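Here are my notes on the ligand site and on the enclosed space in this entry, set out as numbered points for you to check against the coordinates.

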Amino acid sequence: MKGFSQRIETVQEYYFSAKLREVNQMIAEGKPVINLGIGSPDLAPDKLVLEAMKSTVENPQAHGYQSYQGIPELRIAMAEFYAREYGVSLQPDKEILPLIGSKEGIMHISMTFLNPGDQVLIPDPGYPTYASVTNLLGAEPVYYTLDLSQKGRPNLEELESRDLSKVKLMWINYPHMPTGAPGSKKILEEIVAFAKRNEIVLLHDNPYSHILSEKPLSILEVAGATDVALELNSLSKTFNMPGWRVGMLVGRADWIQKILKVKSNMDSGMFLGIQKGAIAALKLGKGWFEELGELYANRRKLVWKLADKLGLTYAKDASGLFVWCKVPDGKTAEEIVDQLLYERHIFITPGKIFGSQGEGYVRISLCMPEFKILEAINRIKP
Ligand SMILES: Cc1ncc(COP(=O)(O)O)c(C=O)c1O
């Protein structure tokens, strides 16, 4: 054995991969931990989705390898979803690539565009995978901050005063995780113009567009965005299907073709039953989104109460699956997180795992039923 790759020194085990081992150990010891840490929707997908999967499983012809690009029917359903939800028209055979969850797409995109030494603009705080994948490829994360008083607008003027010659990619994500900053069409327009001026490929990661947002927004709604931007989308949160692993990459045909060149060397398509279930989900109408919105709005009111009781402050105009809370002066986020976990058996996430700007914040998930959030509230002494 001549050692592991140097590459693995650039990353740590994903926070939740390690922390959930500890939480599960506590549960195994009989501690009644309420998990308000992770953003994994706890409710089932729609019945039609389950039926589509079940009837496919029964078909003896359904168990072979599948197309690297997904079945045409899935790409058509994705195109119809984009037309209906965002008013964006996509060619199903060229401008859509189904993914085994959007997380893997981050790797495929990065492998397609990055050489060692290239720089990548990444939001801080932000989804940790953007930086880990960048590091794994020997490229360099360059962090930018978001102005939460301006719906999460990056300071583009400040960014443009830097040397951007080595910056090849920029990750953006609205509604933003973990802060819930909603973004806006105007912000997306400004970022598209910035990316064009600086010849940067813009990557919009969009898994929360349907969670507590006023109106779902796609970067491809911005005129001219197709020239510079690709978008990742996901069925995980929108349709309660995180474990199914279905996402999609949409945008420029020639770029998608290059990404498929990489991806087709990594996996061999998605099980047909999953694709059929995804098609049924993508066809769900307004009723599904209304129910989902009401459910999360009710839970969020309770999480606000929990935050109030803990002396945390938060913005009420946020979107997405989390409440992002500022810790009061005189306390650290780690103190609060550890105290809650070890003394009250409530698991929430320290903000610093999302970057240095997350220091002093905690993230509370809405993926728990109301009675559990109420129980958490009752575990906190007044
Ligand atoms: C910002 C962001 N991007 C991407 C993902 C990955 O989603 P998927 O389940 O589609 O891989 C997540 C999941 O938590 C996320 O928060």
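1. The shell of residues around the ligand is mixed in character, with five nonpolar, five polar and four charged residues. Please bear in mind throughout that this is a predicted model, and that the values below are computed from it.

2. There are 14 residues around the ligand, and those that come nearest are Asp205, Tyr208, Ser234, Ser236 and Arg245.

3. Which atoms of the ligand face the polar side-chain atoms of Asp205 and Ser234? For Asp205 the partner is a nitrogen atom of the ligand, at 2.5 Å, whereas for Ser234 the partner is an oxygen atom, at 2.7 Å. Ser102 also takes part, since an N or O atom in the side chain of Ser102 is 2.7 Å from an oxygen atom of the ligand. On its own the ligand has 390 Å² of accessible area, and the protein covers 91% of that area.

4. As for where the ligand is placed, it sits in the second largest pocket of the model.

5. Enclosed space is a separate matter: rolling a probe the size of a water molecule over the atoms shows where empty space is left. Over the whole structure, the search finds one cavity of 30 Å³ or more, and the volume of the largest cavity is about 50 Å³.

6. The lining of the largest cavity includes Ser67, Tyr68, Gln69 and Gly70, together with Pro98, Leu99 and Ile100, and also Lys263, Asp267, Gly269 and Met270. By character, this lining divides into five nonpolar, four polar and two charged residues.

Technical notes: Residues numbered from 1 in each chain as written. Predicted model: local features only at pLDDT ≥ 70, side-chain atom pairs only at ≥ 80, totals over all residues. Heavy atoms only, no water. Near = heavy atom within 4 Å. Polar contact = N/O pair within 3.5 Å; in protein donor to acceptor, adjacent residues only side chain to side chain. Areas by Shrake-Rupley, 256 points an atom, 1.4 Å probe, with all protein chains shown as cover. 1 Å grid on protein atoms, 1.4 Å probe; cavity = no way out; pocket = protein on both sides within 12 Å on 5 of 7 lines; lining within 4 Å. Sits in = over half its atoms within 2 Å of the grid points. Nonpolar A, V, L, I, M, F, W, Y, C, P; charged D, E, K, R; others polar. Points joined across faces, edges and corners; volume = space filled by probe spheres on them.
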